[in-house]
Amino acid sequence: MSTTRFDNPEVSSEPLTVNLALGHGSRTRLIIEDQGDDYDISGTNLYGYYRGNITAAKGLEISLRGDDDSATRIGIKYQFYGAHTEQSTKGNLSQAFTLGYERNTTSKQDYIGGYYSDCDDYYCDYISETGNWQHDTNVYDIAWVVGYKFAARDIIYGGPFYQWGQLRGDKTITNATTQQLKSDGYMIGANIAIEHRFSFGMGLAGEIVYANLDWGNYSQNDTSFNFKIDYQF
């Protein structure tokens, strides 16, 4: 589940305005153990990511994000309060709602061990055992974002968010019955970010995110720092 936010509540009032971003963002990964049926939370890791945003109408933005962990996220943001990007000045207070959907498909094969079989006086057959697992994770996201422009080209923003999702898949071990994998969970948290926009369109931003994850029988509290660089066309 992603703990990368960066949803500036100021949205362009002009349709087809494009923003492209690159950065390092945090994700909390759910690890399926190679042996046994237990689930374990490995913690928060940083991944490179890319994101593209485009405005579909005044104050309405659609985004697509991918990262090195093979997760793909589609998001919608609507600014319902405050001046839009082109009209925004120092002191502007803005608010927006965001909705998101993320899908992550993962598969892996691991060598577990082996044993000797059909031994005679000179030779034994060695039977290796491997574990093959695959799963799909679907995560849904909703957030409320508030921003304040404290300088002509600087804004501070953030707010609460809530994610919930399901993991479905299976695991097969050589000469063993296929095991079904199934779990559910949620994450609740909040972020605060500072963003600076240069006169030629480039922007730099950093954010701190605090989140509580509860998935299956595991829970975790974590704080992470994310960074991005973007360009507004």
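The protein chain has zero helices and ten strands. Read along the sequence, its pattern is β-β-β-β-β-β-β-β-β-β. This is a predicted model. The protein chain averages a pLDDT of 86, and 83% of the residues score at least 70. One stretch calls for caution. Over residues 34-41, pLDDT stays under 50. The model still has 31 contacts there beyond four places in sequence.

Now take the chain as a whole. It has 233 residues, and 44% of them count as buried. Its accessible surface comes to about 12,100 Å². Carbon and sulfur atoms account for 56% of that surface. Many contacts span long stretches of sequence. Among contacts between residues at least 6 apart in sequence, 61% join residues at least 24 apart.

Next, follow two strands that pair. Strand S8 covers residues 179-197, and strand S9 covers residues 202-215. They run antiparallel to each other and pair over 13 bridges. Within this pairing, Tyr-186 of S8 stands opposite Asp-214 in S9. The two strands form a hairpin with four residues between them. In that hairpin, Gly-201 takes a positive phi near 105°.

S8 and S9 also lead to the nonpolar interior. The largest nonpolar core has eleven residues, among them Met-1, Phe-161, Met-187 and Trp-215. Val-139, Ala-143, Leu-167 and Leu-181 belong to this core as well. So do Val-209, Ala-211 and Leu-213. S6, S7 (154-173), S8 and S9 each supply at least two residues of the core. S9 gives the most, with four residues.

Met-187 is a good place to look around. Leaving aside residues up to four places away in sequence, Met-187 touches Met-1, Ser-2 and Thr-3. Its other contacts include Thr-28, Phe-161, Tyr-162 and Gln-163. Ala-211, Asn-212 and Leu-213 touch Met-187 too. A second, separate core has seven residues. Tyr-49, Ile-155, Tyr-157 and Ala-205 are included in that second core.

Charged side chains add another set of links. The structure holds 14 salt bridges. One of them joins Arg-51 and Asp-7, with the closest N and O atoms 3.9 Å apart. This pair links distant parts of the chain, 44 residues apart. Arg-51 lies in strand S2 (residues 39-57), while Asp-7 sits in the segment before strand S1 (18-32). Both Arg-51 and Asp-7 are buried. The pair is also part of something wider. Asp-7, Arg-51, Glu-61 and Lys-77 are linked in a network of salt bridges.

A second salt bridge ties Asp-67 to Arg-27, at 3.5 Å from N to O. Here too the pair links distant parts of the chain, 40 residues apart. Asp-67 is in strand S3 (residues 60-67), and Arg-27 is in strand S1. Are these two side chains buried or exposed? Asp-67 has a relative accessible area of 15%, so it counts as buried. Arg-27 has a relative accessible area of 4%, so it is buried as well. The cut-off behind both calls is under 20%.

A third salt bridge brings Asp-141 and Arg-73 together, at 3.7 Å from N to O. Asp-141 belongs to strand S6 (residues 125-151) and Arg-73 to strand S4 (residues 71-81). These distant parts of the chain are 68 residues apart at this pair. Asp-141 is buried, and Arg-73 is buried too.

Definitions and conventions
Residues numbered from 1 in each chain as written. Predicted model: local features only at pLDDT ≥ 70, side-chain atom pairs only at ≥ 80, totals over all residues. Heavy atoms only, no water. Salt bridge = Lys/Arg side-chain N within 4 Å of Asp/Glu carboxyl O. Buried < 20%, exposed > 50% of the residue type's maximum accessible area, 1.4 Å probe, protein only. Pairing = 2+ DSSP bridges. Core = buried A, V, L, I, M, F, W, Y, C linked by side-chain atoms within 4.5 Å. Contact = heavy atoms within 4.5 Å. pLDDT = per-residue confidence, 0-100. Areas by Shrake-Rupley, 256 points an atom, 1.4 Å probe, with all protein chains shown as cover.
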